[in-house]
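Hi,

Here is the structure I promised to pass on. Have a look at it first, and then read my notes below.

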2 protein chains.
Amino acid sequence: MKTEEASYRDKKVMSIGIVKELTGLSERQIRYYEKRQLLFPERTSTGIRKYSFSDVERLMDIADKIEEGVQTKEIRHELARREEKNRNKTNEIRNRMLQGQLNAHFHSRNY
Amino acid sequence: MKTEEASYRDKKVMSIGIVKELTGLSERQIRYYEKRQLLFPERTSTGIRKYSFSDVERLMDIADKIEEGVQTKEIRHELARREEKNRNKTNEIRNRMLQGQLNAHFHSRNY
DNA sequence: CGTGTAAGGAATTCTGACACG
DNA sequence: CGTGTAAGGAATTCTGACACG
């Protein structure tokens, strides 16, 4: 179920300097997109930002949108819509699995 | 072929502070194991070490071995042997693929 | 052999502000 | 609105060495 790979992708482990290199964006831009709520890095206890690979991917997407002239506000809405879809899809799968278990249970018990 | 996940795993992106947190080892230990050639972090242009998730995994393995009383020299040999095996396996696959292409080629040309 | 620590310096990151527009 | 920059401070990392054993 590739649990580990997903954890690598979402684990917040990089500081802003590497994200800067990976994305080609300036620190200013990266911090600004955070202020506009487009991504949510974690912080160390002393306040240093930590990013994940998925944050890096998201930043690339954001950069593309910005270049197309889309405003951060719009981008935020798009991201929110995407989150919503994913939540629905996840729940769908979850429900289907649960339903399957229930079916198996009742059939095996011969109700 | 999960090219991307592998890239996340092997990409050197973390500084020693996070590796320290992730592994529970001290900076001293992490740098020492490097000196003993057990892992090979990259460096930024200014000399800061950068580690990958696979380095973190390797450090966990190393820590286990050390606890078992194995010396760094032994651990290095074990790691070398493991690399050797992987190289062989990769070549095997590569050769098999090449052979398959050759076969396809000659059969289709009807020699 | 493997690890802790204090020392001094260099590189990194942070925030709030001035600037342009 | 989105981004650059200089400013000052705080946190991080680096190396070589002394120490114990």
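**Helix H4, chain by chain**

Helix H4 (residues 53-67) of chain B is made of 15 residues and runs 21 Å from first to last C-alpha, close to the 21 Å expected at 1.5 Å a residue. Bear in mind that this is a predicted model. Within H4(B), the buried residues are Phe53(B), Asp55(B), Val56(B), Leu59(B), Ile62(B), Ala63(B) and Lys65(B). An α-helix has 3.6 residues a turn, so residues three or four places apart point the same way. You can check the list above against that in your viewer. After H4(B) comes Gly69(B), with a positive phi near 95 degrees.

Over in chain A, helix H4 (residues 53-67) has 15 residues, which should span 21 Å at 1.5 Å a residue, and the 21 Å between its end C-alpha atoms agrees with that. Buried in H4(A) are Phe53(A), Asp55(A), Val56(A), Leu59(A), Ile62(A) and Lys65(A). Gly69(A), just after H4(A), has a positive phi too, of about 95 degrees.

**Two glutamines to look at**

Which residue of chain A has a positive phi although it is not a glycine? That would be Gln37(A), at about 70 degrees. Gln37(A) sits in the loop between H3 and strand S1 (42-43) of chain A. Its relative accessibility is 44%, and because buried means under 20% and exposed over 50%, Gln37(A) counts as partly exposed.

In chain B, Gln37(B) is not a glycine either, and its phi is positive at about 65 degrees. Gln37(B) is found in the loop between H3 and strand S1 (42-43) of chain B. With a relative accessible area of 43%, Gln37(B) is partly exposed.

**DNA strand C**

There are 20 residues around DNA strand C, and those that come nearest are Arg49(A), Ser26(B), Arg28(B), Tyr32(B) and Thr72(B). Of the strand C atoms within 4 Å of the protein, 74% are sugar and phosphate.

Some phosphate contacts of strand C to pull up:

- Arg43(A) has a polar side-chain atom 2.9 Å from a phosphate oxygen of DNA strand C.
- Tyr32(B) has a side-chain N or O atom 2.7 Å from a phosphate oxygen of DNA strand C.
- Arg36(B) has a side-chain N or O atom 3.0 Å from a phosphate oxygen of DNA strand C.

Two or more residues of the surface near strand C come from each of helix H2 (16-23) and helix H3 (27-35) of chain A and helix H3 (27-35) of chain B. H3(B) gives the most, with four residues. By class, that surface has five nonpolar, eight polar and seven charged residues.

**DNA strand D**

Strand D also has 20 residues around it, and here Ser26(A), Tyr32(A), Thr72(A), Arg31(B) and Arg49(B) come nearest. Sugar or phosphate makes up 73% of the strand D atoms within 4 Å of the protein, and bases make up the rest.

What does a polar side-chain atom of Arg28(A) lie 2.7 Å from? It is a base oxygen of DNA strand D. For the backbone of strand D, a side-chain N or O atom of Tyr32(A) is 2.7 Å from a phosphate oxygen, and a polar side-chain atom of Arg49(B) lies 2.3 Å from a phosphate oxygen.

H3 of chain A, together with helix H2 (16-23) and H3 of chain B, each supply at least two residues of the surface near strand D. H3(A) gives the most, with four residues. That surface divides into five nonpolar, eight polar and seven charged residues.

Cheers

Conventions
Residues are numbered from 1 along each chain as its sequence is written. Chains are lettered from A and ligands numbered from 1 in the order in which they are written. This is a predicted model: local features need pLDDT of at least 70, side-chain atom pairs count only at pLDDT 80 or more; totals for chains, interfaces and linings use all residues. Side-chain values use heavy atoms; hydrogens and water are left out. A residue is near a molecule or strand if one of its heavy atoms lies within 4 Å of it. A polar contact is a pair of N or O atoms within 3.5 Å; within protein, one must be able to donate a hydrogen and the other to accept it, and residues adjacent in sequence count only if both atoms are side-chain atoms. Ala, Val, Leu, Ile, Met, Phe, Trp, Tyr, Cys and Pro count as nonpolar, Asp, Glu, Lys and Arg as charged, and the others, Gly among them, as polar. The expected span of a helix is 1.5 Å times one less than its number of residues. Buried means under 20% relative accessible area, exposed over 50%, partly exposed in between (1.4 Å probe, protein chains only).
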